[in-house]
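Thanks for coming. I will show one chain and talk through a few places in it.

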Amino acid sequence: MATLPTTIDEIIAQFGPHKAYAPQAGFYGSHEPDSLVKTHCCYCGMQCGIQLKVKENKVVGFEPWMEFPFNEGRLCPKGVERYLQNNHPDRLLAPLKRVEGKGFQQVSWDYAMDKTVGEIKRIQEAYGNNAFAMLSGVSLTNEKSYMIGKFARVALKTANLDYNGRLCMVSAGAGNKKAFGLDRSSNSWADLAHAEVIIVAGANISETFPTLTHYIWRARDNGAKLIVVDPRIIPLARTADLHLNVIPGGDSALLEQCLRYWLTMIGSITNLLPIIQAVFRKQ
(Lines give C-alpha, C1' and ligand atoms only; values in the text may rest on other atoms or scores of the structure.)
Protein backbone atom coordinates (compact mmCIF):
# COMPACT_ATOMS: atom_id res chain seq x y z
CA MET A 1 0.00 0.00 0.00
CA ALA A 2 1.30 3.46 -0.90
CA THR A 3 2.47 5.71 1.90
CA LEU A 4 2.50 9.48 2.04
CA PRO A 5 5.86 11.00 1.05
CA THR A 6 5.70 13.29 4.09
CA THR A 7 3.26 14.27 6.86
CA ILE A 8 -0.29 15.44 6.14
CA ASP A 9 0.37 18.76 7.94
CA GLU A 10 3.36 19.47 5.70
CA ILE A 11 1.38 18.67 2.57
CA ILE A 12 -1.45 21.01 3.65
CA ALA A 13 1.02 23.77 4.50
CA GLN A 14 2.57 23.49 1.05
CA PHE A 15 -0.43 22.82 -1.15
CA GLY A 16 -3.51 23.73 0.90
CA PRO A 17 -6.42 23.81 0.90
CA HIS A 18 -6.39 27.45 1.98
CA LYS A 19 -10.12 27.98 2.33
CA ALA A 20 -9.92 31.57 3.57
CA TYR A 21 -8.20 32.79 0.43
CA ALA A 22 -9.46 36.11 -0.92
CA PRO A 23 -8.26 37.59 -4.23
CA GLN A 24 -6.15 40.75 -4.16
CA ALA A 25 -8.99 42.68 -5.77
CA GLY A 26 -11.54 41.38 -3.25
CA PHE A 27 -14.30 38.89 -3.91
CA TYR A 28 -16.26 41.41 -5.97
CA GLY A 29 -13.32 43.30 -7.50
CA SER A 30 -12.11 46.49 -5.84
CA HIS A 31 -11.57 48.33 -9.10
CA GLU A 32 -13.47 48.94 -12.29
CA PRO A 33 -12.80 46.24 -14.91
CA ASP A 34 -11.57 47.02 -18.38
CA SER A 35 -14.39 44.94 -19.82
CA LEU A 36 -17.18 42.48 -19.07
CA VAL A 37 -16.88 39.26 -21.06
CA LYS A 38 -20.07 37.27 -21.57
CA THR A 39 -19.47 33.52 -21.38
CA HIS A 40 -20.74 30.28 -19.84
CA CYS A 41 -19.96 28.63 -16.53
CA CYS A 42 -17.70 25.65 -17.29
CA TYR A 43 -18.81 23.22 -14.57
CA CYS A 44 -21.98 21.18 -15.02
CA GLY A 45 -24.14 20.77 -18.13
CA MET A 46 -26.50 23.66 -17.30
CA GLN A 47 -24.29 26.13 -19.21
CA CYS A 48 -25.36 29.09 -17.08
CA GLY A 49 -24.55 32.52 -18.47
CA ILE A 50 -22.00 34.61 -16.56
CA GLN A 51 -20.17 37.90 -17.11
CA LEU A 52 -16.50 37.93 -16.15
CA LYS A 53 -14.77 41.12 -15.02
CA VAL A 54 -11.47 41.48 -16.86
CA LYS A 55 -8.70 43.85 -15.73
CA GLU A 56 -5.34 43.95 -17.54
CA ASN A 57 -6.21 40.68 -19.28
CA LYS A 58 -6.91 38.90 -15.97
CA VAL A 59 -10.26 37.77 -14.58
CA VAL A 60 -10.83 39.67 -11.30
CA GLY A 61 -14.53 39.07 -10.61
CA PHE A 62 -17.95 38.39 -12.09
CA GLU A 63 -21.32 39.99 -12.67
CA PRO A 64 -24.68 38.19 -12.97
CA TRP A 65 -26.01 37.98 -16.51
CA MET A 66 -29.66 38.75 -15.83
CA GLU A 67 -30.74 38.56 -19.50
CA PHE A 68 -29.43 35.03 -20.02
CA PRO A 69 -32.54 32.88 -20.65
CA PHE A 70 -31.71 29.77 -18.61
CA ASN A 71 -30.33 30.92 -15.25
CA GLU A 72 -31.53 34.56 -15.42
CA GLY A 73 -28.53 35.71 -13.38
CA ARG A 74 -28.66 32.87 -10.85
CA LEU A 75 -25.37 31.09 -10.13
CA CYS A 76 -24.39 28.31 -7.75
CA PRO A 77 -21.28 28.51 -5.50
CA LYS A 78 -19.18 26.73 -8.14
CA GLY A 79 -20.01 29.32 -10.78
CA VAL A 80 -19.58 32.23 -8.38
CA GLU A 81 -16.10 31.15 -7.24
CA ARG A 82 -14.78 29.72 -10.49
CA TYR A 83 -12.77 32.82 -11.34
CA LEU A 84 -10.81 32.55 -8.07
CA GLN A 85 -8.98 29.42 -9.24
CA ASN A 86 -6.74 31.16 -11.77
CA ASN A 87 -4.74 33.05 -9.14
CA HIS A 88 -5.37 30.81 -6.13
CA PRO A 89 -2.25 30.09 -4.02
CA ASP A 90 -3.08 26.36 -4.03
CA ARG A 91 -2.89 26.18 -7.82
CA LEU A 92 -0.01 24.08 -9.15
CA LEU A 93 2.15 25.99 -11.62
CA ALA A 94 5.04 23.54 -12.06
CA PRO A 95 5.50 19.76 -12.35
CA LEU A 96 6.08 17.90 -9.09
CA LYS A 97 8.17 14.81 -8.39
CA ARG A 98 7.44 12.60 -5.42
CA VAL A 99 10.47 12.06 -3.18
CA GLU A 100 10.00 9.54 -0.38
CA GLY A 101 10.43 11.15 3.04
CA LYS A 102 10.68 14.66 1.61
CA GLY A 103 7.36 15.19 -0.11
CA PHE A 104 6.79 16.68 -3.56
CA GLN A 105 9.54 18.72 -5.15
CA GLN A 106 9.32 20.95 -8.20
CA VAL A 107 11.08 19.83 -11.37
CA SER A 108 11.53 21.48 -14.75
CA TRP A 109 9.08 21.02 -17.60
CA ASP A 110 11.85 19.42 -19.67
CA TYR A 111 12.49 16.85 -16.94
CA ALA A 112 8.76 16.11 -16.62
CA MET A 113 8.43 15.70 -20.40
CA ASP A 114 11.44 13.37 -20.64
CA LYS A 115 10.24 11.33 -17.67
CA THR A 116 6.72 10.95 -19.07
CA VAL A 117 7.90 9.99 -22.56
CA GLY A 118 10.44 7.56 -21.10
CA GLU A 119 7.84 5.76 -18.99
CA ILE A 120 5.38 5.51 -21.89
CA LYS A 121 8.09 3.98 -24.09
CA ARG A 122 9.16 1.59 -21.32
CA ILE A 123 5.60 0.31 -20.85
CA GLN A 124 4.92 -0.05 -24.57
CA GLU A 125 8.24 -1.74 -25.31
CA ALA A 126 7.54 -4.32 -22.62
CA TYR A 127 3.83 -4.91 -23.19
CA GLY A 128 2.89 -3.41 -26.56
CA ASN A 129 1.30 -0.13 -27.67
CA ASN A 130 -2.14 -1.03 -26.32
CA ALA A 131 -0.74 -1.46 -22.82
CA PHE A 132 -1.03 2.31 -22.51
CA ALA A 133 -4.41 4.04 -22.30
CA MET A 134 -5.68 7.63 -22.28
CA LEU A 135 -8.69 8.94 -20.38
CA SER A 136 -9.94 12.31 -21.58
CA GLY A 137 -12.37 14.78 -20.00
CA VAL A 138 -15.85 15.79 -21.11
CA SER A 139 -15.27 19.47 -20.26
CA LEU A 140 -12.77 19.94 -23.08
CA THR A 141 -13.61 21.85 -26.23
CA ASN A 142 -14.27 19.97 -29.47
CA GLU A 143 -10.87 21.02 -30.79
CA LYS A 144 -9.01 19.70 -27.73
CA SER A 145 -10.96 16.44 -27.79
CA TYR A 146 -10.05 16.01 -31.47
CA MET A 147 -6.39 16.68 -30.67
CA ILE A 148 -6.37 14.11 -27.84
CA GLY A 149 -7.91 11.52 -30.14
CA LYS A 150 -5.21 12.15 -32.73
CA PHE A 151 -2.50 12.05 -30.05
CA ALA A 152 -3.70 8.67 -28.77
CA ARG A 153 -4.05 7.10 -32.22
CA VAL A 154 -1.05 8.66 -34.01
CA ALA A 155 1.54 9.44 -31.30
CA LEU A 156 0.82 6.68 -28.76
CA LYS A 157 -0.56 4.25 -31.36
CA THR A 158 -2.97 2.89 -28.79
CA ALA A 159 -6.54 1.72 -29.31
CA ASN A 160 -7.40 2.42 -25.67
CA LEU A 161 -8.94 5.88 -25.58
CA ASP A 162 -11.97 6.84 -23.56
CA TYR A 163 -13.42 9.78 -21.63
CA ASN A 164 -15.26 10.23 -18.36
CA GLY A 165 -18.62 10.51 -20.13
CA ARG A 166 -18.55 6.73 -20.57
CA LEU A 167 -19.13 6.49 -16.83
CA CYS A 168 -21.72 9.25 -16.81
CA MET A 169 -23.88 10.28 -19.78
CA VAL A 170 -23.28 7.71 -22.52
CA SER A 171 -26.04 5.38 -21.29
CA ALA A 172 -28.46 8.30 -20.98
CA GLY A 173 -27.53 9.51 -24.46
CA ALA A 174 -28.08 6.05 -25.94
CA GLY A 175 -31.46 5.75 -24.18
CA ASN A 176 -32.60 9.17 -25.39
CA LYS A 177 -31.47 8.31 -28.93
CA LYS A 178 -33.58 5.15 -28.99
CA ALA A 179 -36.62 6.71 -27.33
CA PHE A 180 -36.72 10.21 -28.82
CA GLY A 181 -34.27 10.22 -31.73
CA LEU A 182 -31.84 12.59 -30.01
CA ASP A 183 -28.82 11.75 -27.84
CA ARG A 184 -29.72 14.58 -25.46
CA SER A 185 -32.79 16.03 -23.81
CA SER A 186 -35.52 16.54 -26.39
CA ASN A 187 -37.30 19.28 -24.48
CA SER A 188 -36.50 22.61 -22.87
CA TRP A 189 -35.89 22.97 -19.14
CA ALA A 190 -38.66 25.58 -19.21
CA ASP A 191 -41.13 22.73 -19.83
CA LEU A 192 -40.58 21.58 -16.24
CA ALA A 193 -42.56 24.52 -14.93
CA HIS A 194 -45.66 23.17 -16.70
CA ALA A 195 -45.31 19.55 -15.56
CA GLU A 196 -47.94 17.96 -13.32
CA VAL A 197 -45.64 15.24 -11.94
CA ILE A 198 -41.83 15.27 -11.77
CA ILE A 199 -39.81 12.12 -11.02
CA VAL A 200 -36.19 12.65 -9.99
CA ALA A 201 -34.38 9.31 -9.99
CA GLY A 202 -30.81 9.14 -8.70
CA ALA A 203 -30.01 12.80 -9.41
CA ASN A 204 -28.98 15.10 -6.57
CA ILE A 205 -30.20 18.18 -8.42
CA SER A 206 -30.13 20.67 -5.57
CA GLU A 207 -26.41 20.04 -4.96
CA THR A 208 -25.09 19.16 -8.41
CA PHE A 209 -27.36 21.31 -10.64
CA PRO A 210 -28.52 24.04 -8.23
CA THR A 211 -29.76 26.47 -10.88
CA LEU A 212 -32.06 23.78 -12.28
CA THR A 213 -33.83 23.51 -8.91
CA HIS A 214 -35.54 26.83 -9.67
CA TYR A 215 -37.57 25.18 -12.44
CA ILE A 216 -38.71 22.43 -10.07
CA TRP A 217 -39.84 25.03 -7.52
CA ARG A 218 -41.80 26.82 -10.26
CA ALA A 219 -43.55 23.56 -11.09
CA ARG A 220 -44.32 22.99 -7.40
CA ASP A 221 -45.80 26.48 -7.20
CA ASN A 222 -48.04 25.49 -10.13
CA GLY A 223 -49.25 22.43 -8.21
CA ALA A 224 -46.89 19.76 -9.54
CA LYS A 225 -46.19 16.64 -7.47
CA LEU A 226 -42.56 15.68 -6.85
CA ILE A 227 -41.34 12.07 -6.54
CA VAL A 228 -37.70 11.45 -5.58
CA VAL A 229 -36.08 8.02 -6.03
CA ASP A 230 -32.84 7.88 -4.06
CA PRO A 231 -31.47 5.76 -1.19
CA ARG A 232 -30.29 8.99 0.45
CA ILE A 233 -32.39 11.77 1.93
CA ILE A 234 -31.00 14.38 -0.44
CA PRO A 235 -32.12 18.01 0.02
CA LEU A 236 -34.75 17.67 -2.71
CA ALA A 237 -36.22 14.60 -1.00
CA ARG A 238 -37.01 16.59 2.14
CA THR A 239 -39.74 18.51 0.32
CA ALA A 240 -40.90 15.74 -2.02
CA ASP A 241 -44.48 14.47 -2.02
CA LEU A 242 -43.08 10.94 -2.20
CA HIS A 243 -39.54 9.78 -1.39
CA LEU A 244 -38.72 6.21 -2.49
CA ASN A 245 -35.55 5.32 -0.62
CA VAL A 246 -34.81 2.17 -2.61
CA ILE A 247 -31.75 0.14 -1.64
CA PRO A 248 -28.77 0.34 -4.03
CA GLY A 249 -29.69 -1.75 -7.07
CA GLY A 250 -33.40 -1.58 -6.26
CA ASP A 251 -33.97 1.12 -8.84
CA SER A 252 -33.92 -1.50 -11.62
CA ALA A 253 -36.72 -3.48 -9.96
CA LEU A 254 -38.72 -0.29 -9.40
CA LEU A 255 -38.41 0.85 -13.02
CA GLU A 256 -39.25 -2.63 -14.32
CA GLN A 257 -42.47 -2.63 -12.29
CA CYS A 258 -43.34 0.85 -13.55
CA LEU A 259 -42.76 -0.34 -17.12
CA ARG A 260 -44.84 -3.46 -16.53
CA TYR A 261 -47.71 -1.34 -15.17
CA TRP A 262 -47.70 1.01 -18.16
CA LEU A 263 -47.49 -1.85 -20.63
CA THR A 264 -50.50 -3.44 -18.92
CA MET A 265 -52.36 -0.13 -19.15
CA ILE A 266 -51.50 0.22 -22.84
CA GLY A 267 -52.64 -3.36 -23.45
CA SER A 268 -55.96 -2.65 -21.74
CA ILE A 269 -56.49 0.46 -23.86
CA THR A 270 -55.61 -1.50 -27.01
CA ASN A 271 -58.24 -4.13 -26.14
CA LEU A 272 -60.84 -1.40 -25.69
CA LEU A 273 -60.12 0.27 -29.03
CA PRO A 274 -62.49 -1.94 -31.11
CA ILE A 275 -65.35 -1.23 -28.67
CA ILE A 276 -64.64 2.50 -28.69
CA GLN A 277 -64.46 2.55 -32.51
CA ALA A 278 -67.75 0.65 -32.77
CA VAL A 279 -69.47 3.16 -30.45
CA PHE A 280 -68.27 6.08 -32.56
CA ARG A 281 -69.38 4.38 -35.79
CA LYS A 282 -72.90 4.02 -34.38
CA GLN A 283 -72.95 7.73 -33.53
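Start with Asn 71: is this residue buried or exposed? Keep in mind while you look that this is a predicted model. Asn 71 is buried, because its relative accessible area is 0%, and the cut-off for buried is under 20%.

Where does Asn 71 sit? The residue lies in the loop between strand E3 and helix H2, and H2 covers residues 77–81. Its side chain makes polar contacts with backbone atoms. On one side of the list there is Gly 49, whose backbone nitrogen is 3.0 Å from a polar atom of the Asn 71 side chain. There is also Arg 74, whose backbone oxygen is reached by the Asn 71 side chain at 2.7 Å. If we set aside neighbours within four places in sequence, Asn 71 is in contact with Cys 48, Gly 49 and Thr 211. Gly 49 therefore turns up in both the polar pair and the contact list of this buried residue.

Gly 49 takes us to the sheet, since strand E2 is residues 49–55. Three strands make up this open sheet, ordered E1-E2-E3, with antiparallel pairing. At the edges are E1, residues 35–40, and E3, residues 58–64, and each of these pairs on one side only. From one strand to the next, the twist averages 35 degrees. Between E2 and E3 the antiparallel pairing runs over six bridges. As one example of the register, Ile 50 is opposite Pro 64 of E3.

Staying in E3, look at Gly 61, which belongs to that strand. How buried is Gly 61? Gly 61 has a relative accessible area of 0%, so it counts as buried. Which residues does Gly 61 touch, leaving aside neighbours within four places in sequence? They are Gln 51, Leu 52, Lys 53 and Tyr 83. Gln 51 is ten residues away from Gly 61 along the chain, and their C-alpha atoms are 8.7 Å apart.

Now the chain as a whole. Its secondary structure amounts to eight helices and ten strands. There are 283 residues, and 24% of them are buried. Among contacts with a separation of 6 or more, 46% are between residues 24 or more positions apart. The exposed area of the chain is about 20,300 Å², of which carbon and sulfur atoms supply 59%.

To come back to the start: Asn 71 is a buried residue in the loop after E3 and before H2, and its side chain is paired with the backbone at Gly 49 and at Arg 74.

Terms used:
Residues are numbered from 1 along each chain as its sequence is written. This is a predicted model: local features need pLDDT of at least 70, side-chain atom pairs count only at pLDDT 80 or more; totals for chains, interfaces and linings use all residues. Side-chain values use heavy atoms; hydrogens and water are left out. Helices (H or I, at least four residues) and strands (E, at least two) are DSSP runs, numbered from the N terminus. Buried means under 20% relative accessible area, exposed over 50%, partly exposed in between (1.4 Å probe, protein chains only). Contact means heavy atoms within 4.5 Å. Accessible areas come from the Shrake-Rupley method with a 1.4 Å probe; for residues, only the protein chains shown count as cover. Two strands pair if DSSP finds at least two bridges between them. Axes are lines fitted to C-alpha atoms, for helices over the stretch in contact, and angles run from 0 to 180 degrees between N-to-C directions. A polar contact is a pair of N or O atoms within 3.5 Å; within protein, one must be able to donate a hydrogen and the other to accept it, and residues adjacent in sequence count only if both atoms are side-chain atoms.
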